[in-house]
Amino acid sequence: MPRRWLAAWLSAIAVVAIAAALFEGDLRHRGYVPTVQDDEDLWSLQADRLRGAVDPIALLGASRIQFAVDPARVERATGRTTAMLAINGAYPVAALRWLARDTSFRGLAIVGVDSRGLDRRHWEMQQAWIDHYEHRWTFARKVHRLLLTPLQQYLVFMRSPFAVVSLVRRELAGLGMPFNDYLVMRPDRVGFLDYRRTDVAAIKRQRIVDLVEYYHDYPPAPPERWLHDLEQVSEWVRMIQARGGKVVFFREPSAGEHLALDEKNYPRALYWDAYARVSPAPMIEFRDEPGFASITLPDTSHIDGADVPRFTDALLAVLARRGIIAATNP
């Protein structure tokens, strides 16, 4: 009897393994590639790295930081623990506030943001991820995420969109297979966009349509009120500085019609430059730095993954030249 059970178990394992291999092969044939799935638990692993670190660097922002700055490269160049806390699609003021209130943080916060992102209406965009870390991040979730991440690095079907239940629901809804994203995410949460795998022209058109609709529905706050609201942000900056930490605001590159729409709605002279005159933290505008001029933005807002090392080095060079970090070794 024991031998029969052993044979049954081995046969079942073999069937499952063969089915998984066939499924993985089919997904690869369809053009899907392995990538780590970003979520609140992966973010929490990075947040954990700040705890107890001496003079760490926290990378805050949205997609323009997450898909442009390599934290491992920053860490090698500076010798300082570097955590990627940027969140795609969400402006970072809540994360800056969280670091200000964390008395253990005495490092450097690099905040990738533009004038629109500093508007009060966007301050809470990342709060849900912070709440997850503070209230739902447990040892069990950490172990699960640590085990899942390396599997996702090598197997497409380990991501949730390819779970059987998800695929069945999509099929019943007539949605077909999941979107074949052109983003590859690393375990440390930096993303690499491969524009060879997508329709760049369509993405550019949709980005401008979305931006026009956004500015129509959510016009900017008057410059005076916008600037007055930022007095609270300045106070959070001072809280970090009082402990020996540093904050720098970085307006990441954009181009073409995207930049024109941003400038029309948030004119630099009335918004960014106005805050730069009173901000307790240095503010870096990409148009003031020649090192960013040669980096192309295929969709007018993000760089190609191949340019991530060069962009990271350009940012480090600017920070070093301005005395925000020590000289680096890219």
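**Note on Asp119 and its setting in the predicted model**

1. The side chain of Asp119 forms a polar contact with the side chain of Tyr266, at 3.1 Å. The model in which this pair appears is a predicted one.

2. Tyr266 is also among the residues that Asp119 touches; leaving aside residues up to four places away in sequence, Asp119 touches Ala221, Trp226 and Tyr266.

3. As to its place in the chain, Asp119 belongs to the loop between α6 (115-118) and α7 (127-135). Asp119 is nevertheless counted as buried, because its relative accessibility is 5% and the cut-off for buried is under 20%.

4. Turning to the protein as a whole, there are 14 helices and seven strands. Of the 330 residues, 48% are buried. Among contacts with a separation of 6 or more, 79% are accounted for by residues 24 or more positions apart.

5. The overall dimensions can be set against a simple expectation. For 330 residues, a compact globule would have a radius of gyration near 20 Å, and the value of 22 Å for the protein therefore agrees with it. The C-alpha trace spans about 80 × 45 × 35 Å along the principal axes.

6. The surface and the charges complete the description. The protein exposes about 16200 Å², of which 59% is supplied by carbon and sulfur atoms. There are 42 positive and 40 negative side chains, and a distance of 4 Å separates the centres of the two sets.

How values were computed:
Residues are numbered from 1 along each chain as its sequence is written. This is a predicted model: local features need pLDDT of at least 70, side-chain atom pairs count only at pLDDT 80 or more; totals for chains, interfaces and linings use all residues. Side-chain values use heavy atoms; hydrogens and water are left out. Helices (H or I, at least four residues) and strands (E, at least two) are DSSP runs, numbered from the N terminus. Buried means under 20% relative accessible area, exposed over 50%, partly exposed in between (1.4 Å probe, protein chains only). A polar contact is a pair of N or O atoms within 3.5 Å; within protein, one must be able to donate a hydrogen and the other to accept it, and residues adjacent in sequence count only if both atoms are side-chain atoms. Contact means heavy atoms within 4.5 Å. The radius of gyration is taken over C-alpha atoms; the globule rule is 2.2 Å times the number of residues to the power 0.38. Accessible areas come from the Shrake-Rupley method with a 1.4 Å probe; for residues, only the protein chains shown count as cover. Lys and Arg count as positive and Asp and Glu as negative; His and the chain ends are not counted. The place of a charge is taken as NZ of Lys, CZ of Arg, CG of Asp or CD of Glu.
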